[in-house]
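Here's a quick tour of the sheets, cores and cavities in this one. Have the viewer open and follow along.

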Amino acid sequence: MKKTITFLPLIFSFLVQAQGLISNVPNRNTTSLNGVWNYIVDPYETGYYSFHHDEYDKQAKPSNGAYFNNYHAVNKQELVEYDFDKSPKINIPGDWTSQVPELKYYEGNVWFKKSFDYNLAAKKRLFLYLGAINYKADVYLNSKKLGRHEGGFTPFNYEVTSIVKPKDNYLVIKVDNTRHKEDVPTLNTDWWNYGGITRDVTLIKEEASFIEDYNIQLKKNNAALLSGFIKINNPDATQNQVSISIPELKINYKGKIGADGILNFEIPAKKISYWSPENPKLYDVTIDYNGQKLKDNIGFRTIETKEDKILLNGKPIFLRGISIHEENAKGGRANSEEDALRLLNWAKELGCNYVRLAHYPHNENIIRTADKMGLMVWEEIPVYWTVEFTNKSTYQNAEDQLTAAITRDKNRACIIIWSMANETPISEARNNFIKSLVDHTKSLDNTRLISAALLTQSGDGFGTINDAIGEYLDIISFNQYLGWYGGNLEDAEKIVWKTKYNKPVIVSEFGGDAKQGFHGEKNERWTEEFQEYLYIQNLKMIEKIPHLSGLSPWILVDFRSPRRLLPGIQDEYNRKGLISNDGAKKKAFYIMQSWYEKKKKE
C-alpha cells in the first residue's frame with residue numbers, strides 16, 4: 001500500500017536562532033559571498049508549499065542544494081524538476097528588476113543559490129551577514145533553515161558555525177518582494193520595488209567570545225566626556241577585561257564587562273578635534289577584548305537644539321541639503337562605494353553640508369562615505385504614507401527596522417537626525433505609532449535629533465505647521481510642493497507661514513518635475529525653465545518661513561517609479577531631480593547651487 005506524506009514548507013528539521021546584529025562588519029575578519037549566483041523564478045512558490053512524496057525515503061537527499069518538488073517512487077527513482085546549477089545567473093549584490101528585463105515588473109518569489117567552500121578552524125565561530133534583501137527572505141544553508149527576515153533595507157545575521165563544512169556548502173535564499181498592506185512600507189510607494197539580494201552577503205569569522213556591538217560617542221550635554229557601551233557575545237568568565245584605545249586623544253581605557261557581557265563606560269577626553277563639515281575628523285579607535293582587536297574610525301561631535309536653532313558643536317548651523325534615493329546610474333539599487341561617491345560628490349558640488357537619505361536606511365557604504373566627506377545625514381525608516389498604524393505587527397516591524405538602522409550606524413558622526421516617518425496622514429493611531437518610535441529611538445540613542453517629514457495645512461496666502469506630533473520632535477520638518485501640486489508661483493513670496501512650535505524648521509521636500517533637455521516657457525510644465533522658475537519662487541517663500549534651519553529639496557537625481565507613466569516625459573521616472581538619471585544637470589541645479597553659496601556666506 002502506498003502512503004502519501006505531505007510535508008510543510010521545506011521539510012527542514014533544524015532552525016538556527018537569530019543572533020544579535022553584529023556591528024562594524026567592514027572592519028572584521030570577513031569573506032565575501034558576492035559575485036555570480038544562480039536563480040530560479042518561482043511565481044507559484046513551487047519550491048515552498050505542497051511537498052507530496054510517495055513512500056518518502058528519509059535518507060534521500062535532493063541534489064545540489066535544491067528545494068523544489070522531489071518525488072521518490074517505490075523503486076527509489078527520483079524526479080527533480082529543477083536544477084540550480086543549470087539555471088540563469090545574476091550578480092549579487094543586485095536586483096532582478098534592472099538585471100533581468102523579463103523581471104522588470106515582477107513581484108513574487110525568486111530563489112537564489114551560492115556554492116562555496118569554507119574551512120572553519122576549531123574553536124572559531126562563523127556568522128552569515130546579509131546587508132539587505134527586499135523584502136522577505138527565507139535563508140537556508142546546507143538544507144537547514146536559518147530563519148526569515150522581513151524588511152527591505154536593514155541588515156541581519158545568523159550563526160552558522162555548526163552547519164558550515166569545508167567543501168560544497170550551498171546557501172539558498174528565497175526572496176519575495178510582493179507588497180502587502182501590513183508591510184513597512186505599505187502597498188503604495190513612489191519608488192521602484194526592486195527585488196533581490198541588494199546588498200553584500202558576507203561571512204564573519206569570530207572567536208568563541210567576541211565583541212558583538214559597541215557605542216562610543218560624546219555624552220549628551222558633555223562635550224568632554226566619551227560614553228557608551230561594549231557588548232560581548234558569549235562572554236568568557238575568565239576574560240572580563242576590555243580596553244579602548246584612541247592614541248591621538250591619549251586614551252587607553254580599561255574596564256570589566258558584567259555578567260551580562262556588557263561594559264558601560266565614561267571616559268574624560270581633552271582637546272578633541274570635533275567632527276564637522278569643515279573638519280570631518282575621524283579618530284582611529286581600537287577595542288581590545290581577550291587579544292581580539294576591533295578597529296574603527298569614529299568622529300566626535302555634539303548635535304542639539306536650543307529654541308529654534310540647530311547647534312553643531314555648540315554653534316548654530318544651517319542645513320544646506322538635498323534628498324537622495326538609493327539608485328545607481330543604470331536604474332538599479334546603488335550599493336557600491338563608487339555609487340556613494342557619485343551621489344555625494346554631486347551633493348557637495350551643489351553646495352550641501354547635509355543630505356536626507358530617503359525614504360529608508362541606505363547602504364552602509366554611503367553612510368561611511370558621508371562620514372569621511374563631512375556631510376551630515378538624515379536617516380529614515382520607511383514608515384511612508386499610510387502604513388497600518390493600528391496593526392501591532394506593523395509597528396513591531398517598523399521598530400525592528402529602526403533598531404537595526406541605529407545598531408548599524410550609531411557610531412557614525414555624520415548622522416545627526418533619525419527620522420520616524422514621511423508624509424503620514426494625521427490620526428490618533430498614527431500619533432501613538434510615531435510617539436512609540438520616538439520613545440524607542442531615545443532608549444537606544446539620546447545623542448541625536450529626532451524628526452519626521454510632516455504634511456502641512458495650506459490655503460490662499462498662508463501655510464500652517466500645527467501637527468500634534470511636533471511636540472515630540474526636536475526638529476519640525478515638512479514637505480510642500482507649491483507650484484507643482486497646487487498653489488500660485490507668482491504669489492509665492494506673499495505666502496505667510498505660521499507654526500506653534502518654537503523649534504527649528506526644515507523644509508524636508510519641495511520641487512517639481514522637468515525632463516532634462518526639454519525647454520520652453522517658464523509656465524510650461526515639464527520644461528527645465530518651469531522647474532527653474534519653481535525653484536526661484538519657492539526659495540523666495542522659504543526664506544520667510546519662521547525658524548527656518550535647513551532644507552532638502554526633492555530630489556538630487558531622477559529615479560525610477562512605476563507611478564510616473566507620462567510617455568516621452570516621465571517614462572517611469574520621477575523627474576523631480578536636479579540631475580537627470582543620465583547625469584546631466586538641469587537649470588534648477590544652478591539656482592539651488594547659487595542660493596546655497598549665498599547662504600554659506602551669511
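## A sheet of four strands

Keep in mind that this is a predicted model. Start with the open sheet that runs β20-β19-β22-β23, made of 4 strands with antiparallel pairing. At its edges sit β20 (251-256) and β23 (292-298), each of them pairing on one side only. Going from one strand to the next, the twist averages 20°.

Zoom in on one edge of that sheet. Strand β22, residues 283-289, is joined to β23 by 7 bridges, and the two run antiparallel. If you want a residue pair to click on, try I287, which stands opposite L294 in β23.

## Another open sheet

There's also an open sheet in the order β2-β16-β9-β13, again with 4 strands and antiparallel pairing. Its edge strands are β2 (30-32) and β13 (156-159), and each has a partner on one side only. Ignoring direction, neighbouring strands in this sheet are turned against each other by 25° on average.

How many bridges does β9 make with β13? Strand β9, covering residues 125-130, pairs with β13 over 4 bridges in the antiparallel sense. Here F127 stands opposite E159 in β13.

## The nonpolar cores

In soluble globular proteins, nonpolar side chains tend to end up buried together. In this model, the largest nonpolar core counts 93 residues. Those with the most contacts inside that core are L319, I322, V383, M420, L437, L551 and M592. Which helix gives the most to this core? That would be α6 (residues 528-542), which puts in 7 residues.

M420 is a good residue to centre your view on. Leaving aside residues up to four places away in sequence, M420 touches I381, V383, L402, I434, L437, V438, T441, I450, S451 and A452. Two of the names in that contact list, V383 and L437, are also listed with M420 among the residues with the most contacts inside the core. A second core, separate from the largest one, has 33 residues, including V100, A137, I173 and V201.

## Empty space inside

Rolling a probe the size of a water molecule over the atoms shows where empty space is left. For this structure, the search turns up 5 cavities of 30 Å³ or more.

How big is the largest cavity, by volume? The largest cavity comes to about 120 Å³. Its lining is made of 13 residues, and those lying nearest the centre are N134, R179, P185, T186 and N193.

How values were computed: Residues numbered from 1 in each chain as written. Predicted model: local features only at pLDDT ≥ 70, side-chain atom pairs only at ≥ 80, totals over all residues. Heavy atoms only, no water. Core = buried A, V, L, I, M, F, W, Y, C linked by side-chain atoms within 4.5 Å. Buried < 20%, exposed > 50% of the residue type's maximum accessible area, 1.4 Å probe, protein only. Contact = heavy atoms within 4.5 Å. Pairing = 2+ DSSP bridges. Axes fitted to C-alpha atoms, helices over the stretch in contact; angles between N-to-C directions. 1 Å grid on protein atoms, 1.4 Å probe; cavity = no way out; pocket = protein on both sides within 12 Å on 5 of 7 lines; lining within 4 Å. Points joined across faces, edges and corners; volume = space filled by probe spheres on them.
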